[in-house]
Amino acid sequence: MLKLCLAAIVAMTGVESAMAQTEKKDTVDYSLNLKELEVKSTAARTKMRNGAMVTRIVGSPLESAGSVEDMLSRVPGMMRMGGQLQVIGKGSPIYYINGRKVQDMEELKRLRSRDIREVEVINSPGAAFDASVNAVVRIKTRRQQGEGLSGRLDVSDDQALKSGNNNLASTLNLNYRHEGLDFFGGATFQNDYLDGNRTILEQTTYGTGVTHRQTGDTQEDEKFSRIHYNAGVNWQIDDDNFVGVKMERGKWLKNNFVFTMEEDILRNGVKEDYLKSVSDYDYKNPNTLQANAYYNGKIGKWGIDANVDYYSQCDKNDDNINEQALSGTRMVESMTENKSRLFAARLVADYPLWNGKLTLGGELTTVCRDNNYRISGVENISDRLSEVSEQNYAAFFEYGIMIPKAGMLTLGMRYEHVAFDFDDLSNPQQSVKRNHDDFFPSLSFGTRLGALQMQLSYGVKTTRPMYSQLQSEVYYISKYTLQTGNPLLKNEIRHSLDLSGRWKWLAFSANYMHIKDAIYDWTTPYDDNGVVMLGMVNFDSPIDVLSAFFIASHNVGVWTTSNTVGVQKQWLSFNLDDPREATGKRKVSYDKPMLIYNSDNAFRLKHGWQLELNSEFYSKAHYRNVRLLQAYWNLTAAVQKTFLKDRSLVVRLSCSDIFNTARHDVLLDLGNYTFQQSDVFGRDRGNYSLHRVALSVRYAFNATKSKYKGKGAGQDVIKRL
């Protein structure tokens, strides 16, 4: 409840009488004593503003959700899918905290929900954002007061209940503030131990009169530890102008990964070979370095936001493969070394114009990447040396104007020129040079009809290949499996139409996407002996995707609930090579819809106690070019307690995937090749298994917070690196 204490509430007649008496007096010492009255009302927690779904956190039950990551899953417009945070209907977003781009997703776990003022969820970002960005989540923290030293210590430990997987992490952040200067720094240490994460797989290739089948299981074992630290300074020149510098360094102290595969090789149903392959990957001190400098402020009526970034990444991987087969034993040794460097600059300016605001900006990003691959112990695969360089020049404008009695109209256009150069120094004939000149328009209109808020948006977006996907070298995985990239990959282009709205505590979202040149993994037979090649392709068939969601978020006493129900359907089909068919072709369709239901419930009790029960479900479906063969359900429970008068100590215990049902078996059908695997989300989920218990302790002292406002430039390219 919102409490408004007013000095006086006076009836209109009383005010007129008092004014008449005042006019008769020659002195200004006249006073009027009025009684105090308290007025109570309920403020809306979520509303639509400038195309974003804005949720107020401070003063709401979400304030005590725990970490920001825990809080975001319950913010209207967001949900979890496969254990990962997503913007409904748009997939994984990029995050900003006070205008600064989030690079390390662990930061969402370290930041406390009680420090957050509001969250903006943008499901249709305009021209001011990179063309590869599908959704944006902007997090704004509370404005903290005070000077001196402050800090926060976070310690957490996650233990899987089925496999030997343990994640231990600890973070220390310190901040010292004196007048307009902020000095800050922090360090995060993470140690991960994985033992015996197993999956079952079967892959089959079909040739003319012959069928090869590989069937068996895999096991993953990993030990790694890493440290990430940062330091910087921020200077608040005045109320409107800020400048600062920030340095970040990431270093792996240890990273060893062992992949074991045992499988039988059958030819036309008869066992032909047995293979046991043990791959021992040893990463030699991979590290990253990032520096950011920024200015954020006002010059007259112009708002200025400038960022400059430098980023470097270096990693080296030694892979020793021990293969045992019926034909004998052999050792294959390979080495992969990558060095990447990036420079990026971004300038954005806005100016109030007529009834709206004009935003202009430009970005420059240049990337260089060297790759060195050497291999011994196997025939027909050679060493490779390659270089990649890319320059991206972008300019954009966006203008939003309020039309009286109608609504807000926003029009934007982004232009990007990309010069890509891939030099294959080992085989110059495979070198590729190409230029892209693309325009990405955006248009949106928002209006209000009584209590109903709505927005209709259209935009064009793209997905660029990862640099590793553009490499031409062939990687040796096993005697029967090879992998390569594709330097000819084109950018994926998406046309998106969105309709969203909100009425009181109900919201809806609908999206239609038309995707051209979609980028996917694609496996093909390599020879007549059952060897397969893993690669990347652009689909020659477009994909149409339609999704619709309804969200209900409400508070009833101590209970806060957020429920999302929706459906997502795609239309995708291929005529693929299949020698089993008389025509040599077979039509493969992926069009089974996915039903989705998420429910998050929190009970905020007295004395700092909070109980949670959350459920995540989605049905069997076709997702991209994969068939999900079973329903996914994750039931999670948590208990949290705050201590001390200022609630600065928080202890949280949770158990996720209580019934161990948060997994999928999948089938990939590519015509002359099929692949089936159990628990496809296993390693990609990051925690290997959601069936786990987690304990975390967070303690903060003093209240000062860094005022750093650097947003970073070239962030989409850093992600691709």
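These are my notebook entries on salt bridges, cysteines, two asparagines and cavities in a predicted model.

**Entry 1: salt bridges**

I began with charged side chains. How many salt bridges does the count come to? I got 26 salt bridges.

I looked up some of these pairs one by one. Arg494 and Glu492 meet through their side chains, with N to O at 3.6 Å. I then asked whether these two are buried or exposed. Arg494 has a relative accessible area of 3%. Glu492 has 4%. Buried means under 20%, so Arg494 is buried. By that cut-off Glu492 is buried too.

Next I took Lys585. Its salt bridge partner is Asp577, and the closest N and O atoms are 2.7 Å apart. Here the surroundings read otherwise. Lys585 comes out at 41% relative accessibility, which counts as partly exposed. Asp577 is partly exposed as well, at 42%.

Then I checked Asp578 and Arg586. Their side chains form a salt bridge at 2.6 Å, N to O. Both Asp578 and Arg586 are buried.

I also noted a network. Which residues are joined by salt bridges that share partners? They are Asp130, Arg346, Glu363, Arg414, Glu416 and Arg464.

**Entry 2: cysteines**

I searched for disulfides next. A disulfide is a covalent bond between the sulfur atoms of two cysteines. The search of the whole structure gave zero.

I still looked up two cysteines. Cys314 is partly exposed, with a relative accessibility of 27%. Cys368 is also partly exposed, at 31%.

**Entry 3: Asn538**

Where is Asn538 found? I located it in strand E30, which covers residues 532–538. Its relative accessible area is 18%. The cut-off for buried is under 20%, so Asn538 is buried.

I then listed what Asn538 touches, leaving out residues up to four places away in sequence. The list holds Leu488, Leu489, Lys490, Asp517, Ala518 and Ile519.

I followed two of these into the polar atoms. A polar atom of the Asn538 side chain lies 2.8 Å from the backbone nitrogen of Lys490. The Asn538 side chain also reaches the backbone oxygen of Asp517, at 2.9 Å. One side chain therefore has polar contacts with the backbone of both Lys490 and Asp517.

I made one more check on Asn538. Its C-alpha atom is 8.4 Å from that of Asn491, although the two are 47 residues apart along the chain.

**Entry 4: Asn392**

I placed Asn392 in strand E21, residues 384–403. Asn392 is buried, with 7% relative accessible area.

What is Asn392 in contact with, leaving aside its neighbours within four places in sequence? I wrote down Glu363, Leu364, Thr365, Glu416, His417, Val418 and Arg464. I had met some of these names before. Glu363, Glu416 and Arg464 belong to the salt bridge network of Entry 1.

**Entry 5: cavities**

Last, I looked for enclosed space. How many cavities of 30 Å³ or more are there? I counted eight.

I went on to the largest cavity. It holds about 160 Å³ of space. It is lined by 23 residues. The closest to its centre are Pro125, Val133, Gly459, Val460 and Lys461.

Which elements give two or more residues to this lining? They are strand E23 (432–449), strand E24 (452–463) and strand E27 (492–503). E24 gives the most, with four residues.

How values were computed: Residues numbered from 1 in each chain as written. Predicted model: local features only at pLDDT ≥ 70, side-chain atom pairs only at ≥ 80, totals over all residues. Heavy atoms only, no water. Salt bridge = Lys/Arg side-chain N within 4 Å of Asp/Glu carboxyl O. Buried < 20%, exposed > 50% of the residue type's maximum accessible area, 1.4 Å probe, protein only. Disulfide = S-S within 2.5 Å. Contact = heavy atoms within 4.5 Å. Polar contact = N/O pair within 3.5 Å; in protein donor to acceptor, adjacent residues only side chain to side chain. 1 Å grid on protein atoms, 1.4 Å probe; cavity = no way out; pocket = protein on both sides within 12 Å on 5 of 7 lines; lining within 4 Å. Points joined across faces, edges and corners; volume = space filled by probe spheres on them.
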